[in-house]
Amino acid sequence: MVSLNINELNQIESGASKKKIYRFKNESKKKILVDFSYNFSDYLSFINVHKYLSNINISIPKIFETSDIEKLILMEDFGNDRYDKIINNYDVKQLLVNAIDSLLVIQNFDKPLKTDGFKQYNYSTFKEEIIEFVDSYLPILKTSSDQIEEFLQIWKSEFEKFNFNWNSFVHKDFELSNLMHLPSRDGHLKCGILDFQNAFIGFSGWDLFSLLENPRINFDDKYNDDLVEYFFNNTNQNLPFREFLLQYYFLNTARQTRIIGRWINLDKKNKNNNYSKYLDVTIKRLEKSLYNLQNEKLSKLYGKIISR
């Protein structure tokens, strides 16, 4: 049972997440308290995914105590060297390689996922994510109902052309803000992984584009092509590289689309512009992904609605 004096703690940044995170004022304890009181399902999911990942040779924080009643988790503190805060102070490629090597270990872990209660991605989930853009961004452009219907129909028809094999662990938010640099550890273990309660079964390259196509920071991506090929060559893929790339850029285009809607939606809810500042980078990521995808219908569609 977690029993703590709130006076011993300082609340720390948790970004767009609803959970609250607290650090001990006495830093020597090297523990943080995560409050999931907003959602019992996320609390249980975090513990379930942690149990799965604990069997894999990666760096995730140790859990010391949990409280089902209060929905609290007391766990290891990985410090302050978050990737998004330190990426310009280190060798960018090496940081990314450490993170990708962790993904390789996860992807090559052979324990079945379905027996561990993970939900499998499907078109229904895909559509829910795209609709966030429809509901939040398209109204700004005063888009007609016919244009909205065209937008959804094109995405549906293009989605159905792919033979997706949803069979891999996906962290979902494998972004710079959820990765920690742990310099005292070796190799891929230098990358600490956080915030995995939204994990699901899906496309094997999902976490790769979450990392390399970060929608908040337009860091140097000159290594991306090599790193994508490195990932592909070191995982057990059952499709040609060209097909992997098409799926990678298709799903990344959809993700960047959703995130544009998410930034606007968050600022609307919070009545500020804290997230709209990321729109420029996100649109750049989206345009680059569309260019690499070379999908005529989607490129034409976005040419009408995204202007810079």
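**Note on helix packing, aromatic pairs and selected residues**

1. Serine 136 counts as buried, at 13% relative accessibility. The model is a predicted one, and the values below are computed from it. Serine 136 belongs to helix 4, residues 123–136. Apart from neighbours within four places in sequence, serine 136 is in contact with Gly261, Ile264 and Asn265. Of these contacts, Ile264 appears again in point 2, as one of the helix 8 residues that touch helix 9.

2. Helix 8 spans residues 241–270. Helix 8 packs against helix 9 at an angle of about 160°, and the two axes are 9 Å apart. Helix 8 is therefore roughly antiparallel to helix 9, the cut-off for that term being an angle over 145 degrees. The crossing of the two helices is left-handed. On the helix 8 side the contact is made by Leu246, Tyr249, Phe250, Asn252, Thr253, Gln256, Thr257, Ile259, Ile260, Trp263 and Ile264. Helix 9 contributes Leu279, Thr282, Ile283, Arg285, Leu286, Ser289, Leu290, Asn292 and Leu293. By class, the residues of this contact are 12 nonpolar, seven polar and one charged.

3. Which residues of helix 9 make the contact with helix 10? They are Leu286, Leu290 and Leu293, and they meet Leu298, Ser299 and Tyr302 of helix 10. Leu286, Leu290 and Leu293 are also listed in the contact of helix 9 with helix 8. Helix 9 and helix 10 pack at an angle of about 150°, with axes 9 Å apart. That angle makes helix 9 roughly antiparallel to helix 10. Helix 9 passes helix 10 in a left-handed crossing. The contact of helix 9 with helix 10 has five nonpolar residues, one polar residue and no charged residues.

4. Glutamine 294 is in the loop between helix 9 (279–293) and helix 10 (296–305). Glutamine 294 is not a glycine, yet has a positive phi of about 55°. Most residues other than glycine have a negative phi. Is glutamine 294 buried or exposed? Its relative accessible area is 56%, so glutamine 294 is exposed.

5. Lysine 172 is another non-glycine residue with a positive phi, here about 90°. Lysine 172 is placed in the loop between strand 6 (168–170) and strand 7 (179–181). A colleague checking backbone geometry may look at lysine 172 together with glutamine 294.

6. The axes of helix 3 (residues 92–107) and helix 7 (residues 224–233) come within 10 Å and cross at roughly 20°. Helix 3 and helix 7 are therefore roughly parallel to each other, since angles under 35 degrees count as such. Their crossing is right-handed. Helix 3 makes the contact through Leu96, Val97, Ile100, Asp101, Leu103, Leu104 and Gln107. Helix 7 does so through Leu227, Tyr230 and Phe231. By class, this contact of helix 3 with helix 7 has eight nonpolar residues, one polar and one charged.

7. A search of the whole structure finds 42 aromatic pairs. One of them is formed by phenylalanine 244 and tyrosine 248, a tilted pair with 6.3 Å from centre to centre and 35° between the planes. Both residues lie in helix 8, four residues apart, which is about one turn of the helix. Phenylalanine 244 and tyrosine 248 are both buried.

8. Tyrosine 248 also pairs with tyrosine 249, in an edge-to-face arrangement: 4.9 Å centre to centre and 85° between the planes. Tyrosine 248 has 0% relative accessibility and so counts as buried. Tyrosine 249 is buried as well, with a relative accessible area of 8%. Tyr249 is also among the helix 8 residues in contact with helix 9.

9. Lysine 30 is found in the loop between strand 2 (20–24) and strand 3 (31–35). With a relative accessible area of 57%, lysine 30 is exposed. Which residues does lysine 30 touch, not counting those up to four places away in sequence? They are Met75, Glu76 and Asp77. Lysine 30 and glycine 79 are 49 residues apart in sequence, and their C-alpha atoms are 7.8 Å apart in space.

Definitions and conventions: Residues are numbered from 1 along each chain as its sequence is written. This is a predicted model: local features need pLDDT of at least 70, side-chain atom pairs count only at pLDDT 80 or more; totals for chains, interfaces and linings use all residues. Side-chain values use heavy atoms; hydrogens and water are left out. Axes are lines fitted to C-alpha atoms, for helices over the stretch in contact, and angles run from 0 to 180 degrees between N-to-C directions. Angles under 35 degrees count as roughly parallel, over 145 as roughly antiparallel, 65 to 115 as roughly perpendicular and the rest as oblique. A crossing is left-handed if the near helix is turned anticlockwise from the far one by less than a right angle, and right-handed if clockwise. Contact means heavy atoms within 4.5 Å. Ala, Val, Leu, Ile, Met, Phe, Trp, Tyr, Cys and Pro count as nonpolar, Asp, Glu, Lys and Arg as charged, and the others, Gly among them, as polar. Rings of Phe, Tyr and Trp (its six-membered ring) pair if their centres lie within 6.5 Å; planes under 30 degrees apart count as stacked, over 60 as edge-to-face and the rest as tilted. Buried means under 20% relative accessible area, exposed over 50%, partly exposed in between (1.4 Å probe, protein chains only).
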